[in-house]
Amino acid sequence: MTVPDHERAWWKESVVYQIYPRSFNDTDGDGVGDIPGVVEKLDYLDDLGVDVVWLCPVYESPNVDNGYDVADYRAILDTFGTMADWETLLAGLHSRGMKLIMDLVVNHTSDEHEWFVDSRAGDPEYEDFYVWRDGEAVPESEYEAGLYDPAEYGLPRDARERPPNDWESFFGGPAWTWDEGREEWYLHLFDERQPDLNWENADVREEVFEMMEWWFDKGIDGFRMDVINLISKPEGLPDGEDDEAIVRGADKFVNGPRVHEYVRAIHDEAVPDDAMTVGEMVEMSVDEAKRFLGDDGDGMSMAFNFDHMRLDFGPDGGRWSKGEWSVRELKETITRWQGGLDGEGWNSLYLNNHDEPRMVSRFGSEAYRRESATLLATLLYTLQGTPYIYQGEEIGMTNYPFESLEEVRDVDTLRNVEELERKGRFTSDDDLLDLVRYRSRDNARTPMQWSAGPTAGFTDGEPWLPVNPNKSEVNVESARADASSIWHYYRDLIDLRHDEDVLVYGTYDLLLPEHDRLWVYTRTLRDAEGCVAERTLTVLNFGSEAVEFEPPTGVAGEADEVLIANYGEVNTTVEAETLRPWEARVYRLR
Ligand code: ISL
């Protein structure tokens with residue numbers, strides 16, 4: 001056997017399908033997807049061939065951030081159904097041999113969570129469950145000189161106080177909100193209605209562990225851990241020092257001093273050995289990631305990193321401005337993670353999710369939708385790591401052509417745009433909408449397109465977000481009826497992944513590193529003696545122009561089989577050829 005047993009894990013051999021329940025399938029006509037809607041599509045998921053479903057939050061929530069603001073970790077949101085519906089879902093997945101991972105959102109809760117309600121009221125048991133601090137007094141002279149505006153912090157005109165430090169929220173504006181009742185500020189790295197939990201408090205940790213165990217007892221197979229590397233805040237909460245940080249203060253609260261202790265405790269106390277965990281890791285380097293993962297890590301199975309999601313940030317380094325990305329940079333970034341974690345961790349492979357624009361619109365080409373969607377998929381399924389499909393990716397869904405801000409629901413977009421408008425960053429309405437069309441998380445959140453019907457078959461009611469007008473062309477029904485569709489290509493790739501150990505475990509080696517259009521690499525499995533046992537070659541023409549491919553020595557003339565190709569039948573030997581726009585091929589090398 002080429003892959004030693006101790007290296008194998010079910011979650012390495014799996015393909016994960018991410019469901020954003022609000023936008024997946026609505027069965028009761030309220031315009032919002034629900035859990036029975038997921039149950040209705042279990043055979044669909046099974047046919048596609050996925051192994052694991054990651055269900056975005058379905059807990060009780062006021063939905064300021066669509067469920068990432070949890071009001072009760074042990075209750076299902078009414079709109080989504082009941083606990084009995086959820087149990088039906090779990091049983092339906094398990095009976096089909098699929099697994100379920102839930103979203104764990106424990107950096108913060110909703111302000112409607114009873115812990116926060118009690119904390120805010122000063123109940124001694126919960127007083128310290130969140131991060132409360134006194135502010136900093138502002139001298140009258142600063143106010144008079146116009147250097148201080150109480151309105152910026154939502155304070156009355158006569159207030160002369162600013163937050164305890166200069167940290168900013170990911171959703172724009174200060175990371176602190178003043179509470180009238182306690183006469184203190186509380187920390188929120190996201191919306192003001194998402195107060196950060198105080199992980200320094202052992203009771204908080206105990207509550208979280210118990211809640212996790214409760215879900216494991218119900219039979220789940222793992223957790224996706226929301227912004228898990230933000231949970232430890234440094235003592236004294238010092239001001240940010242890095243002017244380039246993604247938001248002010250990130251250099252202080254990302255990977256805080258006790259983060260490894262906490263993440264290890266989560267795994268030791270609350271995660272069964274065979275469960276899967278995937279940490280969402282903001283601003284994470286390869287070396288830092290290794291400390292969470294692998295044999296000597298904190299017990300986490302794998303990590304989402306954001307390095308490749310930053311390549312198109314604008315000149316000011318921020319997410320809410322638009323910059324150019326290049327194939328070279330994307331190659332370099334992914335290659336760094338492939339090499340860095342080989343044997344020492346495990347990658348999560350994704351190019352989009354519920355927080356990111358659609359991958360075809362961002363990294364591919366809407367003009368070559370089929371070709372580029374299948375090329376991007378070929379990349380994801382022939383890298384080392386676990387591939388994630390975000391709902392609709394398998395039919396090549398694209399960004400939404402927003403015509404006005406009124407069509408946007410996402411708190412991140414609305415708050416950040418408001419902040420940018422305040423700073424006078426937009427030259428016109430078109431300028432603003434351009435950025436929204438490019439960056440808004442709502443691009444990924446429009447309803448799943450099941451058919452060409454009036455609401456794309458998503459609901460009988462009025463959908464909570466508009467349906468993409470391309471539904472008549474882009475939908476599951478027509479994709480399944482067409483053997484050459486993106487959907488069928490995904491199914492073939494998933495089969496391939498299940499059949500070929502080399503595509504799961506093989507080492508990645510980049511060829512032609514300097515090429516600015518072609519992305520070419522091998523995957524290699526060696527036997528116990530170190531001899532090559534299996535090898536594949538992936539060749540991708542990452543762009544809308546034809547390109548000459550000159551195979552490098554070592555692979556030229558090789559190959560006896562094409563494992564998959566997105567232009568149908570191609571030559572089985574690797575030789576000099578013109579590759580068509582977005583052409584992708586995977587060969588088995590001799
Ligand atoms: O959207 C982002 C990147 O494109 C980030 O600012 C994002 O908020 C960050 O990646 C954290 O995301 C997670 O936590 C948020 C929640 O809004 C996101 O949906 C979730 O994936 C707060 O819980």
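**Salt bridges in a predicted model**

With a relative accessibility of 0%, D412 counts as buried, and the exercises below, which concern a predicted model, start from this residue.

**Exercise 1.** Work out which residue forms a salt bridge with D412, and which parts of the chain the pair ties together.

*Solution.* The partner of D412 is R319, and the closest N and O atoms of the two are 2.8 Å apart, which satisfies the cut-off of 4 Å. R319 lies in the loop between β13 (302–304) and α10 (327–341), whereas D412 belongs to helix α13 (residues 411–422), so the salt bridge ties together parts that are 93 residues apart in sequence. As a last step, place the pair in its surroundings: R319 and D412 belong to a network of salt bridges that also links D65, D355, D410, R441 and R445.

**Exercise 2.** Decide whether R193 is buried, partly exposed or exposed, and do likewise for D111; then locate the salt bridge between them.

*Solution.* R193 has a relative accessible area of 27% and is therefore partly exposed, while D111, at 13%, counts as buried, the limit for buried being under 20%. The closest N and O atoms of R193 and D111 are 3.0 Å apart. Because R193 sits in the loop between β10 (184–187) and α6 (202–218) and D111 in the loop between β5 (99–104) and α4 (114–120), the pair ties together parts 82 residues apart in sequence.

**Exercise 3.** Establish whether E356 and R362, which meet in a salt bridge, are buried or exposed.

*Solution.* The side chains of E356 and R362 meet at 2.8 Å, N to O, and both residues are buried. The structure holds 48 salt bridges.

Note on methods
Residues numbered from 1 in each chain as written. Predicted model: local features only at pLDDT ≥ 70, side-chain atom pairs only at ≥ 80, totals over all residues. Heavy atoms only, no water. Helix = DSSP H or I, 4+ residues; strand = E, 2+ residues; numbered from the N terminus. Buried < 20%, exposed > 50% of the residue type's maximum accessible area, 1.4 Å probe, protein only.
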